[in-house]
Amino acid sequence: MDPIIANDLMTYGKTVKKDRKTQWFQYVKPYLFLLPAIAIIIFWVYKPLLQTLQYSLYKWSMVPGTQPEYVGLANFTKLFKNKDFIPALKNTVIYIAGMLPFSVVLPLFIAAATHDLAGKAKNLYRALIFVPMIMPPVAVAIIFQWLLHPSNGLVNHLLLTWGITSDNIAFFANEAFAKTMIILISGWKMIGFSTLMFSSALSNIDFQYYEAAKLDGAGSIRRFFDMTLVLLSPTVMLMLMISVLFAGQWSFAYIDLLTTGGPFGSSTNIFYLMYKFAFNDLNVGLCAATATLFFIVFGIIALLMQFLSKKFAFYDN
Amino acid sequence: MKKMNKIISTIIIVALFTSLTACGAKPDTAASDAATSSDHTQQEEKESLLDPANPIKVTFYSYSLGYPTMKSGMEHLINQFNDSIGKEKGVVVEGVVDDYTKWKTDVQAGNQVDIVQHTFSTLDNSAQSLGFKAYEDIFPDDELKEQFAAFTSNALSLGQIQGKTYGLAFTFSTPILYINSKLFEDAGLDPTKPPKTWDETLAAAKTIKEATGKDGFGLAPDNGWTTEGILFSNGANVLNDDQTKAVFTSDEGVEALEMWKAFYTAGVAGLGTDKDLMQEFSAGNLAMYLQSTSLYSGFKEAAEAGGWTLYGGEMPGFGDKPSVPVNSGSCLAVRPDSDQKAAAIWEFIKFVTGKEGYTIITSEIGYLPLRTDITDDPAYLKDYIDQNPILRTNLNQLTRMRPVTIWPGDVATEASAIFMDATVQSISTDADVKKVMAKAQDQINDLLGS
């Protein structure tokens, strides 16, 4: 071969090699930036998730120094035989449904009603509504415990004085009231956050739509249903999804502090049951089996909600 | 700059390596500690383990610290030890407020839990799976014998499992019928003559409700221990003798629970949980309350503040049969991680179950002194008990007392929860007592595999 050509080919080869190297690096570079985030997610989210799936097949008391014992699907059969499991499932659904008025319906109306207020009054109203949100659950629980005490509480005193009831009511120890009280207290805490979300979404709506609608003679109720509600639909769907997926967790603190799942397990939900399996009965396997089932069911619900959200939400862009 | 980076990365690698090796080394150290601790018996060796110049810290998980009525007494007990024997020997006890479960989660989290004020009903479970040690395996034999000699044998046997002491009876009481003098007098009854049978109690409760409008009698269905005393008093049992089968749905058992339910159907019972009833009685709105003497000091203060006198009677019985009270309270369960820790724990146990310890426990909390010799000793409790005769009631009941059921290891928490839930449902709702209890009995027998 002509030495000059050979030399050119070598130089060409080196350039290609160098270019490929640079190209490869350019391709990988963005992923390197993502690496820390991915590593953290894998460590804190996916590893525990896989461990939970693994533990659902073992019997273990979580005590350091002891070895988990493989029991196959026994935890799942034990779970379905547990007397509190089916009631806890039913209650979880009741808590989800019961929270919706407080996380979607009421905040939507409160946000719309306070939106037109001017200046300081608007801030005052919003602050008052938001206050319950920032109160620590333990303090809230103690206050409600005092208010609703069967014999010393203000609520029972008023009910008796006004002649609404003839006997004291043990709100947290009575099957008929315990769940409702938990829903009311968790809901009362939730209104503030949802109202804030709706208020911020309302601020993003172009006021010219309302001007136009007013000119066309649409009344305030018509404007709310035909415009506000439609334009807020993405936020409504978001809050609906958050509420459905998290209602069980929000009520957890109040179940633990006010009823401990009672009376006779009637106010427990799937989260509290998981907690009891793990930390009362020291049965990690049973807890993990519950968590696995819960993960599958709520995963399906989340996917369904996303599908609905895409179908029904109206984006104004 | 490069040099700096190298230094930083070296530090990180070294730190990671040491933390990893530390993780790996932990079980081995614990295992060797456990092995050596059982060998150790010699007194001289033990004394040399403690050094006043370098005090060792011991954690004591106590549910009494979580009750407003017991907190100050328990704190006094711990401080008294730290300021005297503790200082002298080199032991510092740190009281940890427990809610009956915190010690469990701390064990799971790998924290060192040294001493637990443990309830009797789940002791077997803890001994089997949570690393609690038998006293005979870790404490010096001669001292153990000397300490145990002062205790009544039935108190000692409570915390013994298969011949070994996994819990030494510590705070201890029987249920007594607390009485609010004012509500009794307002209803024309004599508070110094408490009702002796359940029928008399129900009649008194009805009279009080009619006359004052206040609740006549309180015993929370979720009380967790007195329930068993009611069943025992009527000749019923919770478990059979070899603890293989639940038997509480006998005719006597159902009859006993139906009697208790009569207070609810008559509308004279204080409503709510045990906590609600404590508040109701303290506020002066409940005439009779069947509760542990451990709440005595708190109720005494409430009575003084409310302007009424606190009286007490023995637990009511069925007809002519004397009542069979159960014991409430706790034992001390221990899980030292070294010989030195075991020596430190033993110093604390000797103190709190000694004459001085029980004087504080009885006079400042209200629990029974398990060393009955100090109740007649003017140097310790005689004067106090003479001034607070209600505690004599508690002492009188000791002779008829039966220990609470220790549920078998594996199913302890689950089975006791089923039993309590069924009791709450059958007493506080319209549900049929026999049906609810029979269902619970089947569920527990399923768990027990019989």
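Which residue in S9(B) does Pro175(B) stand opposite? In this predicted model, the partner of Pro175(B) is Ser292(B) in S9(B).

**The sheet of chain B**

That pair belongs to the contact between strand S7 (residues 175–180) and strand S9 (residues 286–292) of chain B, which run antiparallel and are joined by five bridges. Both strands are part of an open sheet of four strands in chain B, ordered S8-S9-S7-S10, with mixed pairing. Its edges are formed by S8 and by strand S10 (310–313) of chain B, each of which pairs on one side only. From one strand to the next, the twist averages 20°. Helix H13 (residues 274–282) of chain B packs on this sheet and touches S7, S8, S9 and S10 of chain B. The direction of H13 makes about 130° with that of S9(B).

**Helix H12 of chain B**

Helix H12 (residues 251–265) of chain B has 15 residues, which at 1.5 Å a residue should span 21 Å; the C-alpha atoms at its ends lie 20 Å apart, in agreement with that expectation. The buried residues of H12(B) are Gly253(B), Val254(B), Ala256(B), Leu257(B), Met259(B), Trp260(B), Lys261(B), Phe263(B) and Tyr264(B). An α-helix has 3.6 residues a turn, so residues three or four places apart point the same way. The cover over the buried residues of H12(B) includes helix H10 (198–212), strand S8 (215–218), helix H11 (226–233), helix H19 (412–428) and helix H20 (433–448) of chain B. Strand S8 thus appears both in this cover and as an edge of the sheet. After H12(B) comes Gly267(B), with a positive phi near 75°.

**Positive phi outside glycine**

Most residues other than glycine have a negative phi. Two residues that are not glycine depart from this pattern, Met62(A) and Gln162(B).

| Residue | Phi | Loop between | Relative accessibility |
|---|---|---|---|
| Met62(A) | about 70° | strand S1 (58–59) and strand S2 (69–70) of chain A | 23% |
| Gln162(B) | about 45° | strand S4 (160–161) and strand S5 (164–165) of chain B | 81% |

Met62(A) is partly exposed, whereas Gln162(B) counts as exposed because its relative accessibility of 81% is over 50%.

**Confidence in chain A**

Chain A has an average pLDDT of 87, and 94% of its residues score at least 70. Among the elements of chain A, the lowest mean pLDDT, 81, belongs to helix H1 (residues 3–55), and the highest, 94, to helix H6 (residues 154–161).

Methods
Residues numbered from 1 in each chain as written. Chains lettered and ligands numbered in written order. Predicted model: local features only at pLDDT ≥ 70, side-chain atom pairs only at ≥ 80, totals over all residues. Heavy atoms only, no water. pLDDT = per-residue confidence, 0-100. Helix = DSSP H or I, 4+ residues; strand = E, 2+ residues; numbered from the N terminus. Expected span 1.5 Å × (residues − 1). Buried < 20%, exposed > 50% of the residue type's maximum accessible area, 1.4 Å probe, protein only. Contact = heavy atoms within 4.5 Å. Pairing = 2+ DSSP bridges. Axes fitted to C-alpha atoms, helices over the stretch in contact; angles between N-to-C directions.
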